[in-house]
Amino acid sequence: MNFRYTPLYIIAAAMLGFAPLAQSQSLRKANRLYDNYQYALALQEYQEVIQKKQPDLATAERIATSYRLTRQSQASENWYGKVVAMEGRDPINLYHYAEALRSNGKYKEAKEQYMQWAEEVPEQAERAQALMEATDQALRWMGQPAVAEVKTLPALSTAGFADFSPMPYGNNSLVFTSDRGVSKAGKEAKIYGWTGRPYLQLFMAQQNGQGEWGSPEALQDVINEDYHNATASAAKEGDKLYFTRTKSVPALGNVNADPTSWIKKDINTNQVNRLEIYSAEKQGGSWSNIQPFAYNKVEEYSVGHPALSPDGQVLYFVSDMPGSRGDTDIFYSTRQADGSWGEPINAGTTVNTTGRESFPYVDANGKLYFASDGHVGMGGMDIFSAEGNLGQWRAVKNLGYPLNSPKNDFGIMFTEAVSEVFYHLTATHKTEQKISTHLQCYKSLSY
């Protein structure tokens, strides 16, 4: 029998040849996940790639974008800082870098990046100037006495997950949105690749006579389908609930990829997620009769974030339907004599800007609260109030610091009895939301 041997250096060379192949496979997988909006999963693959090789510009941009769209602002700042220093990068990265710095409360540094963006893209000079002025305004707000004291409300919050947009239900309950996960039929909750956490579901919590909140419970499966179910509003009697669902449809025309915030993507994919409003009726203690809102049209645009007026005669909501001034506008529909909802009407240019308006809420006195990144704010989305009604609003006001922060703030709620406040505030450097309280007010706090 003849034996042969393979020189060690040939084996070593062959083994080394597998490394570039493995890196290439990991990068392809990461890019595929990224293109499919699965940013949290893509980041896991990108981390493996960059451990072995310095990322090129395209990869660095995708990593920065993934951190931005999963709202990891500190990592987003770090990566956009790398991208803007790379040769051949697009000037838009200066804008995203400035936004990340601003989101982290680094207003002076953000102002410098806005300025550089304006120099490289003169047609954006006016917008950049407005953003620079907003950084100065944010510093002034933070220098004033605080309008509230923010404390965490652990009874309604779950570590590591998002809990937000509480709305009143009946006399002593509230409905809110969470991605803490709902196990069904003994199976673990499905994971949403964008965030790396379960899909959004609706929960309810009750308050006892001492003002303490009981453990939140998920609403019935007839409301909480397997995909996103969120941002609800109930009739005062508690017998009807309006809520938002997400539907995947062919990506034709306007593309709003993120069902939770309408973030736009330019990637040409076959499917896209859009929002719809549904209603449910409570009969005999159970929810049933799930009905779509008459003006849902997911083939062309989204409608979501329903908010009933105190008398139940007006339904405010958010959409990017034709007639929108910006990325998303607040619309309203009035109840007709036969109980149906009338044609949607834009809430007007006092409230709606060329940016994003969302998460409307009308308190017991008819005052409108909403989130916006188009009005002057501290960074991301801020919460604003407006006086008036329907399409005749005036006196738009930023609620100030720390009700607003450098990050996204949205989802406010008042209860008439004790003037409690719930709102969603994105703070510091994490990505989950927390229900919190200040003085006699409650709010949801997102890290």
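Which side chain meets that of D136 in a salt bridge? In the predicted model, the partner of D136 is K111, with N and O atoms 3.1 Å apart. The two residues belong to separate helices, D136 to α7 (residues 125–143) and K111 to α6, so this contact ties together parts of the chain that lie 25 residues apart in sequence. Neither end of the pair is classed as buried: D136 is partly exposed at 27% relative accessibility, and K111 is likewise partly exposed, with a relative accessible area of 27%. A further set of charged side chains is joined into one network, in which K184, K190 and D226 are connected through salt bridges that share partners.

The structure as a whole holds 14 salt bridges. One of them is formed by E120 and R89, whose closest N and O atoms are 2.9 Å apart. This pair links distant parts of the chain, 31 residues apart: E120 lies in helix α6 (residues 107–120), whereas R89 is placed in the loop between α4 (73–84) and α5 (92–103). The two partners fall into separate accessibility classes. E120 has a relative accessible area of 34% and is therefore partly exposed, while R89, at 14% relative accessibility, counts as buried, the limit for that class being under 20%.

A salt bridge is also found within a single helix. The side chains of E99 and R102 meet at 3.5 Å, N to O. Both residues belong to helix α5 and, because they are three residues apart there, about one helical turn separates them. E99 is partly exposed, with a relative accessible area of 23%, and R102 counts as buried at 6% relative accessibility.

The loop between α3 (57–69) and α4 contains Q72. This residue counts as partly exposed, its relative accessibility being 28%. The C-alpha atoms of Q72 and S103 are 10.0 Å apart in space, and the two residues are separated by 31 residues in sequence.

Aromatic contacts were examined next. A pair of aromatic rings is described by the distance of the centres and the angle of the planes. The count of aromatic pairs comes to 23. Among them, Y192 and Y227 form an edge-to-face pair, with 6.4 Å from centre to centre and 90° between the planes. Y192 lies in strand β4 (residues 191–192) and Y227 in the loop between β7 (217–218) and β8 (229–234), so the contact ties together parts that are 35 residues apart in sequence. Y192 is buried, with a relative accessible area of 6%, whereas Y227 counts as partly exposed at 22% relative accessibility.

A stacked arrangement is formed by F359 and F410: the ring centres are 4.2 Å apart and the planes meet at 25°, so the pair falls under the 30 degrees that count as stacked. This pair, too, links distant parts of the chain, since F359 is in strand β16 (residues 357–362) and F410 in strand β20 (residues 409–415), 51 residues apart. Both F359 and F410 are buried.

Aromatic residues also assemble into a cluster composed of Y34, Y37, Y39, Y192, W194, Y199 and Y227. The edge-to-face partners Y192 and Y227 thus both appear among the members of this cluster. In addition, arginine side chains are placed over aromatic rings. R180 lies over the face of F203, at 5.1 Å from the ring centre, and R245 lies over the face of Y278, also at 5.1 Å from the ring centre.

Finally, a hairpin is formed by strands β12 and β13. Strand β12 (residues 303–308) is mostly covered, with six of its six residues buried. It pairs with β13 (residues 314–319) in the antiparallel sense over four bridges. Within this pairing, L308 has L315 of β13 as its bridge partner. Five residues lie between the two strands of the hairpin, and G312 takes a positive phi near 75°. In a regular strand the side chains alternate between the two faces of the sheet.

How values were computed: Residues are numbered from 1 along each chain as its sequence is written. This is a predicted model: local features need pLDDT of at least 70, side-chain atom pairs count only at pLDDT 80 or more; totals for chains, interfaces and linings use all residues. Side-chain values use heavy atoms; hydrogens and water are left out. Buried means under 20% relative accessible area, exposed over 50%, partly exposed in between (1.4 Å probe, protein chains only). Two strands pair if DSSP finds at least two bridges between them. A salt bridge is a side-chain nitrogen of Lys or Arg within 4 Å of a carboxyl oxygen of Asp or Glu. Rings of Phe, Tyr and Trp (its six-membered ring) pair if their centres lie within 6.5 Å; planes under 30 degrees apart count as stacked, over 60 as edge-to-face and the rest as tilted. A charge sits over a ring if NZ of Lys or CZ of Arg is within 6 Å of the ring centre and within 35 degrees of the ring normal.
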